[in-house]
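Visitor: Hi, I've got this one open on my screen and could use a hand finding my way around. Mind if I throw some quick questions at you?

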Amino acid sequence: IRPISKSQAERHKQLAGPTGKCFCLYQEDTSLPAESVPHILESDITSTVLFLKRMEIAGLSHCDFIDIPDPEGLMQALEELDYLAALDDDGNLSEIGIIMSEFPLEPQMAKTLLASCEFDCVSEVLTIAAMLTAPSSFLTPPVELRQKALLCHQRFQHAEGDHFTLINIFNAYKYTVNSNSNVERWCEDHFLRLSALQTADAIRSELTEILKRLELPVSLPAFGSKSNSLNIKHALLAGFFMQVARDIDGSGNYFMLTHKHVAQIHPLSGYGTEMHKKNLPEWLLYHEHTLSENNCIRTVSQISAHEFIQMAPQYFFYNLPPSESKDLLQHIIDHGPAAPSKGKRKSQTPSSPASEEQSHERCTIQ
């Protein structure tokens, strides 16, 4: 739901014509802005800035935009590209930034795909990138079939989170295609959108071709092993370390480290179902967030504080706004695992000595 302007309201009434109906979700005396806000002023322009940098368009503030982006948004985009190691000391694209610009993906996902080459999980990250770039594969059924649809979708759920669930769905779809079964019937039975899965398959093929053209390694599938799951998390954190949240009270109120907002997990997430609400992870990586009356994060996967510390650039961590969560992370850096706060759950710790040894190593690609 988006706000409407006076000009849009008048246009809708004209389109309805004398015999049609125009339903307005606001009172007649509601004060409306004269014109709607240009999309570039409200959206994340990091991808646009990366493209302009690749086109060697200097002086972004003087660029002849149809609608000039917000200066603060422009600076934030440059800051995010710097955190992703896409810019050099002079503000031009680095080697990594040039490679990132080759992919038709958002910069964070492009960085994740590059990191997957280092962590030997390219096949799995290709699937995640394709599924998140394509339209949602989940169908919204009628009210009377929602419980049945929920049970069908739960069959694909992975304990590590939604990113892993997407891999399960895509692998099941490909298995159905390769077994010469009725794919349309299979999608209908599982309340999945066939067109979205076909789009994801095409995107995945395109991304694979780009990796081969750039002569980057494409590892063999290894989904299901513990080491592969850990590698996928490391690759995701290499790109999405700016999108991490912590459960501050053990009841699903997640504090977003970058935005300093508290949000709930989206109901359609695997962790959003009733059966998972009693055992929510303390730390999450999320793909997208919505800030409104009811803040929510969606497409989330479980991570640990140690994994975040290991993958996040140091200068990004030190630039985080002050918070209890940042203090907890700093305590782990200085003294190892922090003692649990009163009334709070224990912080997650690595399960093996090997992971403790790696806790302060940095991703080489950064």
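**A chat around the chain**

Guide: Let's start with one residue: leaving out residues up to four places away in sequence, T127 touches L166, I167, F170 and R204. Keep in mind that this is a predicted model.

Visitor: Where does T127 lie?

Guide: T127 is part of helix α7.

Visitor: And is T127 buried or exposed?

Guide: T127 has a relative accessible area of 4%, so it is buried.

Visitor: OK, at what angle do α7 and α9 pack?

Guide: Helix α7 and helix α9 (residues 162-178) pack at about 90°, and their axes are 9 Å apart. That angle makes α7 roughly perpendicular to α9.

Visitor: Which residues make that contact?

Guide: From α7 you have E124, T127, I128, M131 and L132, and from α9 there are H163, L166, I167, I169 and F170. By class, the α7 and α9 contact splits into seven nonpolar, two polar and one charged.

Visitor: T127 also touched R204, you said. What is the angle between α7 and α11?

Guide: About 130°, with the axes of α7 (residues 122-133) and α11 (residues 194-213) 8 Å apart. That makes α7 oblique to α11.

Visitor: Is that crossing left-handed or right-handed?

Guide: Right-handed, as α7 passes α11.

Visitor: Who meets whom between α7 and α11?

Guide: On the α7 side it's V122, S123, L126, T127, A129, A130, M131 and T133. They meet L197, A200, I203, R204, L207, T208 and L211 in α11. Sorted by class, the contact of α7 with α11 has ten nonpolar, four polar and one charged residues.

Visitor: Now α6. How do α6 and α7 cross?

Guide: The axes of α6 (residues 107-118) and α7 come within 8 Å and cross at roughly 165°. The two helices are therefore roughly antiparallel to each other. The crossing of α6 past α7 is left-handed.

Visitor: And which residues make the contact there?

Guide: M109, T112, L113, S116 and C117 come from α6, while V122, V125, L126, I128, A129 and L132 come from α7. The contact of α6 with α7 has nine nonpolar, two polar and no charged residues.

Visitor: Let me zoom out. How many helices and strands are in the chain?

Guide: The chain has 16 helices and five strands.

Visitor: What share of the residues counts as buried?

Guide: 44% of the 366 residues. The accessible surface is about 20,300 Å², and 52% of that belongs to carbon and sulfur atoms.

Visitor: What about contacts between residues 24 or more positions apart?

Guide: Take the contacts in the chain with a separation of 6 or more: residues 24 or more positions apart account for 69% of them.

Visitor: Let's try a strand. Where is S301 found?

Guide: S301 is in strand β5 (residues 296-303). With a relative accessible area of 2%, S301 is buried.

Visitor: What does S301 touch?

Guide: Not counting residues up to four places away in sequence, S301 touches E160, G161, D162, H163, F164, Y271, W283, L284 and L285. For L284, the C-alpha atoms of the two residues are separated by 5.5 Å, and S301 and L284 are 17 residues apart along the chain.

Visitor: Switching to backbone. What is the phi of F191?

Guide: Positive, at about 55°, although F191 is not a glycine. Most residues other than glycine have a negative phi. F191 is found in the loop between α10 (183-189) and α11, and at 10% relative accessible area it is buried.

Visitor: And the phi of K260, what's that?

Guide: Near 60°, again a positive value in a residue other than glycine. K260 is in the loop between β2 (254-256) and β3 (262-265). K260 has 44% relative accessibility, so it counts as partly exposed.

Visitor: Last one. Which helix does F317 lie in, and what does F317 touch?

Guide: F317 lies in α14 (residues 314-319). Its partners, not counting residues up to four places away in sequence, are F308, K326, L329, Q330 and I333. F317 counts as buried, at 5% relative accessibility.

Visitor: How far is F317 from F241, going by C-alpha atoms?

Guide: Their C-alpha atoms are separated by 9.4 Å, and the two residues are 76 residues apart along the chain.

Technical notes. Residues are numbered from 1 along each chain as its sequence is written. This is a predicted model: local features need pLDDT of at least 70, side-chain atom pairs count only at pLDDT 80 or more; totals for chains, interfaces and linings use all residues. Side-chain values use heavy atoms; hydrogens and water are left out. Axes are lines fitted to C-alpha atoms, for helices over the stretch in contact, and angles run from 0 to 180 degrees between N-to-C directions. Helices (H or I, at least four residues) and strands (E, at least two) are DSSP runs, numbered from the N terminus. Angles under 35 degrees count as roughly parallel, over 145 as roughly antiparallel, 65 to 115 as roughly perpendicular and the rest as oblique. A crossing is left-handed if the near helix is turned anticlockwise from the far one by less than a right angle, and right-handed if clockwise. Contact means heavy atoms within 4.5 Å. Ala, Val, Leu, Ile, Met, Phe, Trp, Tyr, Cys and Pro count as nonpolar, Asp, Glu, Lys and Arg as charged, and the others, Gly among them, as polar. Buried means under 20% relative accessible area, exposed over 50%, partly exposed in between (1.4 Å probe, protein chains only). Accessible areas come from the Shrake-Rupley method with a 1.4 Å probe; for residues, only the protein chains shown count as cover.
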